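User: I am new to this structure and would like to learn how to read its features one at a time. Could you take me through them slowly?

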Amino acid sequence: MRRKLSTVFAISMGVAMLLAAVVPVGAAPVYDQSPTFTEETDVTVLTSGVVVEPKDAVGPATYIVHLDNVPLASYEGGIEGLNATKPSARGESKLDASSVDAVAYMDYLAVERATAISATEATLGRTIDVQYEYTAVLNGFAAEMTPAEAADVAKLPNVRIVQRDKEFELHTDY
């Protein structure tokens with residue numbers, strides 16, 4: 001059985017030490033999960049965020065923009081008027097995305113993403129085609145841009161990582 005995994009899941013656990021120097025400022029809790037990278041990956045630390053892409057990447061591609069806000073599944077509270085949604089913080093074993101608290105927090109994240117998308121469009125001087133918006137496991141969006149545009153977007157406030165998407169083949173006997 002062959003399945004392809006998006007970079008969102010395949011590259012999701014490691015640049016943490018690299019990001020230790022990048023401290024986002026803000027009242028809202030900040031998500032601390034960072035992507036891993038391989039020898040074939042360039043990691044560029046910029047003023048605000050990080051760009052992760054294959055070495056010698058050229059031309060437009062889909063980039064996943066990770067925002068600083070904690071995603072739905074990890075939110076432990078801390079923003080006035082918004083209760084925790086992380087199951088363990090609520091004494092639950094599963095995420096209930098339909099709960100009143102989850103819906104309120106997803107609405108908050110939607111506003112934060114819309115603000116980031118508007119800032120991205122202003123920075124690039126064009127509208128972007130948002131291919132997907134992420135809420136549950138990470139907070140962000142996917143859009144097509146060039147490596148130079150990705151570097152510009154990574155400098156925006158509230159942007160943690162801009163990561164070029166890459167599909168990986170999963171090899172398994174199951």
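Analyst: What follows goes from the overall layout to a cavity and then to two residues. Please keep in mind throughout that this is a predicted model.

User: Where should I begin, and how many helices and strands does the protein have?

Analyst: A good habit is to begin with the secondary structure and its order. The protein has 5 helices and 8 strands, and, followed along the sequence, these elements come in the pattern β-α-α-β-β-β-α-α-β-β-α-β-β.

User: What percentage of the residues is buried, and what does the surface consist of?

Analyst: Of the 174 residues in the protein, 40% are buried, while the exposed area comes to about 9600 Å², of which carbon and sulfur atoms supply 54%. Contacts add another view: among those between residues at least 6 apart in sequence, 64% join residues at least 24 apart.

User: How do I look for empty space inside, and how many cavities of 30 Å³ or more are found?

Analyst: The general idea is that a probe the size of a water molecule, rolled over the atoms, shows where empty space is left. Here, a search of the whole structure finds 1 cavity of 30 Å³ or more, and the volume of the largest cavity is about 30 Å³.

User: Which residues line the largest cavity, and how do they divide by character?

Analyst: The lining is formed by Thr85, Pro87, Arg90, Glu92, Lys94, Leu95, Asp96, Ser99 and Ala102, and by character these residues divide into 4 charged, 3 nonpolar and 2 polar.

User: Let us take Ser99 from that lining. Where does it lie, and why does it count as buried or exposed?

Analyst: Ser99 is found in the loop that runs between helix H3 (87–90) and helix H4 (100–124). Its relative accessible area is 13%, and because buried means under 20%, Ser99 counts as buried. The side chain of Ser99 also reaches the backbone oxygen of Asp96, at 3.2 Å, and Asp96 is itself among the residues that line the largest cavity.

User: Could we compare that with a residue inside a helix, and which residues does Ile117 contact beyond its neighbours in sequence?

Analyst: Ile117 has its place in helix H4 and, with 10% relative accessibility, is buried. Setting aside neighbours within four places in sequence, Ile117 is in contact with Ile128, Val130, Glu133 and Phe141. As for Ala143, which is 26 residues away from Ile117 along the chain, the C-alpha atoms of the two are separated by 9.5 Å.

Conventions: Residues are numbered from 1 along each chain as its sequence is written. This is a predicted model: local features need pLDDT of at least 70, side-chain atom pairs count only at pLDDT 80 or more; totals for chains, interfaces and linings use all residues. Side-chain values use heavy atoms; hydrogens and water are left out. On a 1 Å grid over the protein atoms alone, a cavity is a set of points where a 1.4 Å probe fits but cannot get out, and a pocket is an open set with protein on both sides within 12 Å along at least five of seven lines; lining residues have an atom within 4 Å of a point. Grid points are joined across faces, edges and corners, and a volume is the space filled by probe spheres set on the points. Ala, Val, Leu, Ile, Met, Phe, Trp, Tyr, Cys and Pro count as nonpolar, Asp, Glu, Lys and Arg as charged, and the others, Gly among them, as polar. Helices (H or I, at least four residues) and strands (E, at least two) are DSSP runs, numbered from the N terminus. Buried means under 20% relative accessible area, exposed over 50%, partly exposed in between (1.4 Å probe, protein chains only). Contact means heavy atoms within 4.5 Å. Accessible areas come from the Shrake-Rupley method with a 1.4 Å probe; for residues, only the protein chains shown count as cover. A polar contact is a pair of N or O atoms within 3.5 Å; within protein, one must be able to donate a hydrogen and the other to accept it, and residues adjacent in sequence count only if both atoms are side-chain atoms.
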